[in-house]
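Student: Please take me through one part of this structure closely, and then through what surrounds it. A single connected answer would suit me best.

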Amino acid sequence: MAHIPSPMRQIEIVRNTLETQIRVKLDLDGSGKSVLATGIPFFDHMLDQIARHGMVDLEVDAKGDLHIDGHHTVEDVGITLGQAFAKAVGDKKGLTRYGHAYVPLDEALSRVVIDLSGRPGLTLEAEFARAMIGSFDTELVFEFFQGFVNHALVTLHIDNLRGRNAHHQVETIFKAFGRALRMAAAPDARAAGTVPSTKGSL
């Protein structure tokens, strides 16, 4: 039986603070389209990887205090995307729950594993070849995913297994994240209507 996309998997979240004003629109049953404006070009490029490889439609409009640095903007986009994802998956009935992906890009290789566990947890192992990619600080990779897991309530393991080019390292992480997310949020035809946990809830 074909899966009929639920309108509940289409979510828009607006989050405004004194540091950032962010709007995220997410459609888990999309086709990989994105409209992105964070003021940080490389970050937009990475969010586009999530959309394309996660097969989600994603709109992000973020205005932040970039005159200071990109920290608040990147972290708060992660938070807002996490909030949108949590609402989009709802009670997780009929979902696969677990997802994983290995993605290479030339010399770089990353692995991402996700569990829609209802418990926030992040393990990220990566030593980036340089600190900055354009105006993007590679330290913010951690901040983005920490913000996401805290509000999406997922367990996320990220390992950059190898790489000498920081652009390639970060890109493989975001691509693998998109693909792992797609797998985890996909309907499981054999478990329709049931929560994928022996506890009965996630």
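Tutor: Helix H4 supplies three residues to the lining of the second largest pocket, and this is the largest share. The model is a predicted one. The pocket has a volume of about 160 Å³. Its lining consists of 13 residues, and those closest to its centre are Arg9, Leu28, Gly54, Met55 and Arg182. Sorted by class, seven residues of this lining are nonpolar, three are polar and three are charged.

Of the residues closest to the centre, Met55 can be followed further. Met55 sits in the loop between helix H1 (41-54) and S4. Its phi is near 50°, which is a positive value in a residue other than glycine. The relative accessible area of Met55 is 28%, and Met55 is therefore partly exposed, since that class runs between the 20% and 50% limits. Lys92 also has a positive phi, near 70°, and is likewise a residue other than glycine. Lys92 belongs to the loop between H2 and strand S5 (98-105). Its relative accessible area is 7%, so Lys92 counts as buried.

Leu28 leads from the pocket to an enclosed space. Leu28 is among the residues closest to the centre of the second largest pocket, and Leu28 is also one of the residues that line the largest cavity. One cavity of 30 Å³ or more is counted, and the largest cavity has a volume of about 40 Å³. Its lining is made up of Leu26, Leu28, Ile50, Val56, Leu58, Leu81, Phe85, Phe148 and Leu181. By class these are nine nonpolar residues, with no polar and no charged ones.

Two of the cavity residues, Leu81 and Phe85, come from one helix. Leu81 lies in helix H2 (residues 71-89), and Phe85 has its place in helix H2 as well. Leu81 has 6% relative accessibility and so counts as buried; Phe85, at 1%, is buried too. From C-alpha to C-alpha, Leu81 and Ile11 are 9.8 Å apart in space, although 70 residues separate them in sequence. Phe85 and Leu95 are ten residues apart in sequence, and their C-alpha atoms are 13 Å apart in space.

Phe85 and Phe148 line the largest cavity, and both also belong to an aromatic cluster. That cluster is formed by Phe42, Phe43, Phe85, Phe136, Phe144, Phe145, Phe148, Phe174 and Phe177. The structure holds nine aromatic pairs. In one of them, the rings of Phe144 and Phe174 have centres 5.4 Å apart and planes at 35°, so this pair is tilted. Phe144 lies in helix H3 (residues 140-152) and Phe174 in helix H4 (residues 166-185), so the pair ties together parts that are 30 residues apart in sequence. Phe144 has a relative accessible area of 0% and is buried. Phe174 is also at 0% relative accessibility and counts as buried.

Phe145 and Phe177 form an aromatic pair that is edge-to-face, with 4.9 Å from centre to centre and 75° between the planes. Phe145 belongs to helix H3 and Phe177 to helix H4, so this pair ties together parts that are 32 residues apart in sequence. Both Phe145 and Phe177 are buried. H4 thus carries Phe177 of this pair, and it is also the helix with the largest share of the lining of the second largest pocket.

The strand that follows the loop of Met55 belongs to a sheet. Met55 precedes S4 in the loop after helix H1, and four strands form an open sheet in the order S1-S2-S4-S3, with mixed pairing. The edges are taken by strand S1 (10-16) and strand S3 (34-37), each with a single partner strand, so one side of each has no neighbour in the sheet. On average, and with direction ignored, neighbouring strands of this sheet are turned by 5° against each other. S3 pairs with strand S4 (residues 57-64) in the parallel sense, over four bridges. One of the bridge partners can be named: Leu36 has Val60 of S4 as its partner.

Note on methods. Residues numbered from 1 in each chain as written. Predicted model: local features only at pLDDT ≥ 70, side-chain atom pairs only at ≥ 80, totals over all residues. Heavy atoms only, no water. Phe/Tyr/Trp six-rings, centres within 6.5 Å; stacked < 30°, edge-to-face > 60°. Buried < 20%, exposed > 50% of the residue type's maximum accessible area, 1.4 Å probe, protein only. 1 Å grid on protein atoms, 1.4 Å probe; cavity = no way out; pocket = protein on both sides within 12 Å on 5 of 7 lines; lining within 4 Å. Points joined across faces, edges and corners; volume = space filled by probe spheres on them. Nonpolar A, V, L, I, M, F, W, Y, C, P; charged D, E, K, R; others polar. Pairing = 2+ DSSP bridges. Axes fitted to C-alpha atoms, helices over the stretch in contact; angles between N-to-C directions.
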